[in-house]
Amino acid sequence: MIHTHCKGCGKEFKRKSGRKTGYCQPCYMRDVHHDRAEVREGLSRAMKAKLADPHERAAHIARTRRGRIERLARDPEFREMVRQQGKAVGALGLGGHQPKGSPSRIAAGKAVTATKLADIPLEYRELHKKLRKEFGATESRRMIRQQMAADEARMSAHERQLRAISRGAKIVKKFKPSADTGPFTLGGIATGMI
Ligand SMILES: [Zn+2]
């Protein structure tokens, strides 16, 4: 955080080191420059690029969720607005009364899981479940990244190949194992290794 004066309203504000506009947040959001289509497009593109990274995305979701919870705690007007919105959405009755265990609830649960865990390979999700209970999601993700790096380092070329195939890689050229596994191949994989 850097103390500086806003170019717009002149008030002193603490700017994040990444913010270089010289305007405080309210002035920046009001600024005509922010209303220009190409500027909005640029911002949108930059945000999408950032959120394409699963770790950035997880951090962003955690940050905004935290911000929302904090605002709900300290801002009664905001709390009331959210309550009214919730009531309005509830009144639409869009699938809100599906019983627990119904197919649509199960499908929705799976979709949520897939989105939340998109950055964790399938084979690490059970581990994540256990670690998350004990250490929380952020720490679990960090531990899993370490575990993945360790597993990767320990894996033989053959295991790496099989893993790539199990994740949907196409076999495009002959796999050359470091050990002699015999002269026969099946779709590029030495049969001695299957
Ligand atoms: Zn300002």
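This text leads through a predicted model, from the overall chain to the hairpin at its start and then to the helices.

The chain has 194 residues, of which 3% count as buried. Its secondary structure comprises nine helices and four strands. In sequence order these elements follow the pattern β-β-α-α-α-α-α-α-α-α-α-β-β, with two strands ahead of the helices and two after them. As for contacts between residues at least 6 apart in sequence, 11% join residues at least 24 apart.

The account begins with the two strands that open the pattern. Strand β1 covers residues 2–5 and strand β2 covers residues 12–15. The two run antiparallel and are joined by four bridges. Together β1 and β2 form a hairpin, with six residues between the strands. In the turn, glycine 10 adopts a positive phi of about 80 degrees.

Threonine 4 offers a view of this hairpin from a single position. This residue belongs to strand β1 and stands opposite phenylalanine 13 in β2. Leaving aside residues up to four places away in sequence, threonine 4 touches Phe13 and Arg15. Is threonine 4 exposed or partly exposed? Threonine 4 has 13 C-beta neighbours inside 10 Å, and therefore counts as partly exposed; a residue is classed as exposed if it has 12 or fewer. Beyond the hairpin, the C-alpha atom of threonine 4 is 8.0 Å from that of glycine 22, although 18 residues separate the two in sequence.

The helices come next, and the pair α7 and α8 shows how two of them meet. Two packed helices are described by the angle between their axes and the distance between the axes. Helix α8 spans residues 137–154, and its axis comes within 7 Å of the axis of α7, the two crossing at roughly 135 degrees. Because of this angle, α7 is oblique to α8; the limit for roughly antiparallel is over 145 degrees. The crossing of the two helices is right-handed.

Which residues of α7 meet α8? On the α7 side they are Leu127, His128, Leu131, Arg132 and Phe135. Their partners in α8 are Ala137, Glu139, Ser140, Met143 and Ile144. By class, this contact contains six nonpolar, two polar and two charged residues. The spacing within such a set can be read against a general rule: an α-helix has 3.6 residues a turn, so residues three or four places apart point the same way.

Lysine 130 also lies in helix α7, which covers residues 125–135. Lysine 130 counts as exposed because it has 10 C-beta neighbours inside 10 Å. Its C-alpha atom is separated by 8.7 Å from that of serine 140, ten residues away along the chain. Serine 140 is one of the α8 residues in the contact with α7.

Further along the chain, helix α9 takes in residues 157–166. None of its ten residues is buried, so α9 lies largely in the open. Just after α9, glycine 168 takes a positive phi of about 100 degrees.

How values were computed. Residues are numbered from 1 along each chain as its sequence is written. This is a predicted model: local features need pLDDT of at least 70, side-chain atom pairs count only at pLDDT 80 or more; totals for chains, interfaces and linings use all residues. A residue is buried if 20 or more other C-beta atoms lie within 10 Å of its own, exposed if 12 or fewer, and partly exposed in between; C-beta atoms are placed from the backbone. Two residues are in contact if their C-beta atoms, placed from the backbone, lie within 7 Å. Axes are lines fitted to C-alpha atoms, for helices over the stretch in contact, and angles run from 0 to 180 degrees between N-to-C directions. Angles under 35 degrees count as roughly parallel, over 145 as roughly antiparallel, 65 to 115 as roughly perpendicular and the rest as oblique. A crossing is left-handed if the near helix is turned anticlockwise from the far one by less than a right angle, and right-handed if clockwise. Ala, Val, Leu, Ile, Met, Phe, Trp, Tyr, Cys and Pro count as nonpolar, Asp, Glu, Lys and Arg as charged, and the others, Gly among them, as polar. Two strands pair if DSSP finds at least two bridges between them.
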